[in-house]
Amino acid sequence: DHIYKMDYLKMMEYHIAQKSDLTMSCIDVPIEEASRFGIVDADAHNRVRGFLEKPSDPPEIPSKPGRSFVNMGIYVFNAKALIDTLEEMESKKVMNHDFGKDVIPYMVKNGMPCHAYPFVDENKKEEIYWKDIGTLDSYYDASMDLVSVVPEFNLYDAGWPLRGFQGQSPPAKLVSHGGERVARAFNSLMCDGAVVSGGGVERSIVGANVRINSFADVRDSIIMNNVEIGRNARVRRAIIDKNVVVPEGFEIGYNPDEDRKRFTTSKNGVVVIPKNYVFD
């Protein structure tokens, strides 16, 4: 549930050079924000001294005063060291079910060579990009960034291509029928096979083989594969999962009270329609 661009080979090379049993990828954040995260306490040589979960007084990075190392949840273990540690914990009846809560603190406490690897961002932007999308709202916000004029996350870097699934579908298509039945798509991403037939799309992500019918209006939404939006339907600030048919004239995102009665609604008011949902 994290989005970032990282060359794992660089981390592996660092791990080998440090002769480490465990290397943890870490991103540095302002110390005033660090209390929201799991924090890695490291010395001037990036040797890990402690692993703290949402501390009230986060330790600073020695080489970067005012900033702290956040655990990114990306680990390189020496296989033998990990197996030996797990077996030792098991023999001592020590809980060993979770890396962050159990195994890593045990390794650090026992003086095993553990190092923090300073994250190298391959996104090629002024600000380092690393997003935790573990909630509906954070997922929605990160997705909506992609349709902005200059997104934080660069999908179009030919030197760092994203290996997405390429289905055997025809190109996306906009169809107008004359009069007011004019297909429109503004500031949106549209996948192969999507058809906007006399409807409108604005600031949205439209998945593969989606059909948006005449006079329908889709705004600020994520529409996943094989969804059909019926005539005159209106969708706003919604996430619609796969294989859903929104009935003709239906409205989503315009009446919060009604939406909450039928669907999951996020803290920030994003309406979520589950996969294969069938409207009454």
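## A walk through the predicted model

Start by selecting Asp 21. Beyond its neighbours within four places in sequence, Asp 21 contacts His 15, Val 76, Phe 77, Asn 78, Ala 81, Met 107, Met 112 and Pro 113. Keep in mind as you click around that this is a predicted model. Asp 21 sits in the loop that runs between α1 (8-17) and β2 (22-30). What is the nearest side chain of opposite charge to Asp 21? That would be Arg 47, 7.6 Å away, and Asp 21 is buried yet has no salt bridge. A salt bridge here needs a side-chain nitrogen of Lys or Arg within 4 Å of a carboxyl oxygen of Asp or Glu, so a separation of 7.6 Å does not qualify.

**Helix α3**

Met 107, one of the contacts of Asp 21, takes you to the next selection: residues 99-109, helix α3. Colour the buried ones: Gly 100, Asp 102, Val 103, Ile 104, Tyr 106, Met 107 and Val 108. What do they pack against? Show β2, β4 (48-53), β5 (67-77), α2 (79-91) and β6 (114-118), and you have the partners of the buried residues of α3. Now look at the two ends. At the N-terminal end, Asp 98 acts as the cap, with a side-chain oxygen 2.9 Å from the backbone nitrogen of Gly 100. After the helix comes Gly 111, with a positive phi near 75°.

**Ile 31**

Go to the loop between β2 and β3 (38-42) and pick Ile 31. Ile 31 has a relative accessible area of 23%, so it counts as partly exposed. Setting aside residues up to four places away in sequence, Ile 31 touches Pro 58, Glu 60, Gly 66, Arg 67 and Ser 68. For a sense of scale, draw a distance from the C-alpha of Ile 31 to that of Pro 256: the two atoms are 37 Å apart, with these positions 225 residues apart along the chain.

**Charged pairs**

How many salt bridges does a search of the whole structure find? The total is 16. Try these three.

- Glu 152 and Lys 131: their side chains meet at 3.6 Å, N to O. Glu 152 is in the loop between α4 (136-145) and β8 (173-175) and Lys 131 is in strand β7 (residues 131-132), so the pair ties together parts 21 residues apart in sequence. Both are partly exposed, Glu 152 at 42% and Lys 131 at 29%.
- Glu 251 and Arg 234: this salt bridge is 2.9 Å, N to O. It links strand β21, home of Glu 251, with strand β18 (residues 234-236), home of Arg 234, 17 residues apart. Glu 251 is partly exposed at 40% relative accessible area, and Arg 234 is partly exposed at 32%.
- Arg 262 and Asp 280: the closest N and O atoms are 3.6 Å apart. Arg 262 is in helix α5 (residues 256-262) and Asp 280 in the segment after β23, so this pair ties together parts 18 residues apart in sequence. Arg 262 is partly exposed at 33%, whereas Asp 280 is exposed at 89%.

**Asp 217 and its network**

Select Glu 202, Arg 203, Asp 217, Arg 219 and Asp 220 together, as they are linked in a network of salt bridges. Then centre on Asp 217, in strand β15 (residues 217-219). Is Asp 217 buried or exposed? Its relative accessibility is 13%, so Asp 217 counts as buried. A polar contact of 2.6 Å connects its side chain to that of Arg 219. Not counting residues up to four places away in sequence, Asp 217 also touches Arg 184, Gly 200, Ala 233, Arg 234, Val 235 and Tyr 254.

**Rings, with and without charges**

Stay on Tyr 254: Arg 236 lies over its face, 4.0 Å from the ring centre. For another charge over a ring, jump to Lys 5, whose charged end sits 5.0 Å from the centre of the Phe 153 ring.

Last stop: aromatic pairs, of which there are eleven. Pick Phe 250 and Phe 279: their ring centres are 4.8 Å apart and their planes are at 70°, so this is an edge-to-face pair. Phe 250 lies in the loop between β20 (245-246) and β21 (251-252), and Phe 279 in the segment after β23 (271-273), so the pair ties together parts 29 residues apart in sequence. Phe 279 is buried, at 12% relative accessible area. Add Phe 263 and Tyr 277 to the selection and you have one aromatic cluster with Phe 250 and Phe 279.

Technical notes: Residues numbered from 1 in each chain as written. Predicted model: local features only at pLDDT ≥ 70, side-chain atom pairs only at ≥ 80, totals over all residues. Heavy atoms only, no water. Helix = DSSP H or I, 4+ residues; strand = E, 2+ residues; numbered from the N terminus. Buried < 20%, exposed > 50% of the residue type's maximum accessible area, 1.4 Å probe, protein only. Lys, Arg positive; Asp, Glu negative; His and termini not counted. Contact = heavy atoms within 4.5 Å. Phe/Tyr/Trp six-rings, centres within 6.5 Å; stacked < 30°, edge-to-face > 60°. Lys NZ or Arg CZ within 6 Å of the ring centre and 35° of its normal. Polar contact = N/O pair within 3.5 Å; in protein donor to acceptor, adjacent residues only side chain to side chain.
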